[in-house]
Amino acid sequence: MADNQIKKPRGTTDYFGKEEEVLAGLEEVLMDESRLYGCQRVNPPVFEESRLFHRSVGESSDIVRKETFDLQRKGDKDYTLRPEFTAGVNRLVLENKLYASPDLPLRYAYMGKVFRYERPQSGRLREFYQFGVEFLDRKVDLDCALDALLLSVNAVKKALGKPVKVLVNYLGSFQSRENYKKALAEYFRPHLSEMCDDCKNRFETNPLRILDCKVEKDREIAKGAPRIEDYLSDDDKAEYGAIISLLESLRIPYVKDDGLVRGLDYYTGLVWEIYDLENPDFPALGGGGKYASLMSDIGGPDFEGIGFSLGVERLILDMPHERVEAIRKIAKVDVFLIDLERKGKGCAIAERLRDLGMSVSMPSFGKGMGGCFKMADRIQAENVLILFEDGHLEIKDMKTREQKIIDEEGLVALFGR
Ligand code: AMP
């Protein structure tokens with residue numbers, strides 16, 4: 001390949017062939033699972049006004065501080081490629097007044113690409129797919145929260161065909177979280193000069209996020225920090241207890257982790273991450289949480305939400321080989337039509353078969369008969385239909401290898417079931 005050959009950008013994926021088939025199969029599994037929980041699909045735009053993400057995802061999150069793909073300004077507005085879906089789905093609900101629906105909670109599912117300017121490595125891309133849901137209501141009650149949590153667990157289990165582990169934490173209602181943030185700030189203030197620059201920033205914007213820091217020295221300091229559980233109200237404790245009881249009664253493996261705060265600023269109440277139980281070193285497959293002020297922050301009514309997103313490429317990377325094969329959605333060819341007459345009649349016959357719902361493909365004219373049959377085998381065509389030079393047709397069932405003469409009416413009778 002020449003040095004100046006144009007290549008795909010780093011951290012992106014070219015989906016074709018098997019990878020595309022696996023992606024399509026996985027999308028179906030995930031969307032089917034979301035339907036079991038009453039979700040409807042939504043599809044917001046790939047780019048939004050930049051201020052949507054700054055307001056909702058939060059200024060202190062890494063995503064907004066360093067990882068957004070901001071588009072070059074063309075008109076009077078700044079736009080950003082979506083780094084996640086939650087903000088876009090909330091904007092969609094607000095703009096289309098879906099919050100006014102009498103049928104609450106709203107239950108929406110999505111799957112599409114998101115964009116983050118991260119350092120590419122295995123399982124960490126700059127353009128990747130997320131599948132997820134958002135449940136929205138005036139008040140997200142316990143059942144709604146549990147449904148979101150269970151859907152996330154079952155979606156991963158179904159996708160991978162193996163058990164998962166959930167890391168859970170409870171960040172408390174707005175007031176308990178604010179009290180906790182104050183306590184954290186008091187604890188970290190005297191250590192600040194020894195901490196990393198990111199943490200110095202987090203201290204100013206959201207001290208909770210310091211607990212998320214991966215720098216060894218900062219993690220050591222964080223070990224002595226106050227614990228969220230000591231700041232939860234009685235209502236918070238009761239809800240957290242109910243969530244844990246459900247996980248236990250359904251025998252879902254879980255670990256309580258009070259250092260789990262998740263990367264975004266808007267979470268309150270339950271937050272969680274999902275890991276492969278048998279492969280605990282594999283990075284998080286997905287995560288989610290409850291939020292209270294996102295909708296009002298972007299100018300909407302007082303609404304709460306709970307949602308999660310799964311990293312689709314990570315699911316595929318962690319999927320056992322047999323599962324990958326089982327999930328693939330191979331677009332099979334019903335009829336492979338070899339047109340030896342070469343007068344265009346083949347296309348007319350193909351159209352007739354397509355009208356009957358059959359998928360029909362054809363080789364290029366230049367191929368010999370042997371080459372055509374090899375191609376039919378490779379693409380796993382069910383039948384080969386040959387239009388001979390003299391205009392007669394023969395059909396070969398590629399499973400039984402039986403070949404017989406047939407006319408167009410015979411084809412309609414055969415495939416028009
Ligand atoms: P987040 O929106 O950051 O909570 O991420 C949700 C899920 O998306 C994670 O658990 C990962 O599975 C996946 N994910 C996050 N960042 C990346 C990335 N850069 N590349 C691939 N997958 C990612």
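For my tallies, Ala, Val, Leu, Ile, Met, Phe, Trp, Tyr, Cys and Pro count as nonpolar, Asp, Glu, Lys and Arg as charged, and the others, Gly among them, as polar. I also note at the start that this is a predicted model.

**Entry 1: the largest cavity**

I looked for enclosed space and found 2 cavities of 30 Å³ or more. The largest cavity has a volume of about 40 Å³. I listed its lining as Ile349, Arg352, Leu353, Leu356, Glu408, Leu411 and Val412. Two or more of these lining residues come from each of α13 (345–355) and α15 (408–415). Sorted by class, I get 5 nonpolar and 2 charged residues in the lining, with no polar ones.

**Entry 2: around the ligand**

Next I turned to the ligand and found 14 residues surrounding it. Arg116, Glu118, Leu125, Arg262 and Ala284 are the closest. I sorted this shell as well: 4 of its residues are nonpolar, 5 polar and 5 charged.

**Entry 3: polar atoms at the ligand**

Which residue offers a polar backbone atom to a nitrogen atom of the ligand? I found Leu125, at 2.7 Å. For oxygen atoms of the ligand, I noted a polar backbone atom of Leu285 at 3.0 Å and a polar side-chain atom of Gln130 at 3.2 Å.

**Entry 4: cover**

How much of the ligand's accessible area does the protein cover? On its own the ligand has 480 Å², and the protein covers 91% of that. I then checked which elements give two or more residues to the shell, and they are β5 (127–137) and β10 (304–311).

Technical notes
Residues numbered from 1 in each chain as written. Predicted model: local features only at pLDDT ≥ 70, side-chain atom pairs only at ≥ 80, totals over all residues. Heavy atoms only, no water. Near = heavy atom within 4 Å. Polar contact = N/O pair within 3.5 Å; in protein donor to acceptor, adjacent residues only side chain to side chain. Areas by Shrake-Rupley, 256 points an atom, 1.4 Å probe, with all protein chains shown as cover. Helix = DSSP H or I, 4+ residues; strand = E, 2+ residues; numbered from the N terminus. 1 Å grid on protein atoms, 1.4 Å probe; cavity = no way out; pocket = protein on both sides within 12 Å on 5 of 7 lines; lining within 4 Å. Points joined across faces, edges and corners; volume = space filled by probe spheres on them.
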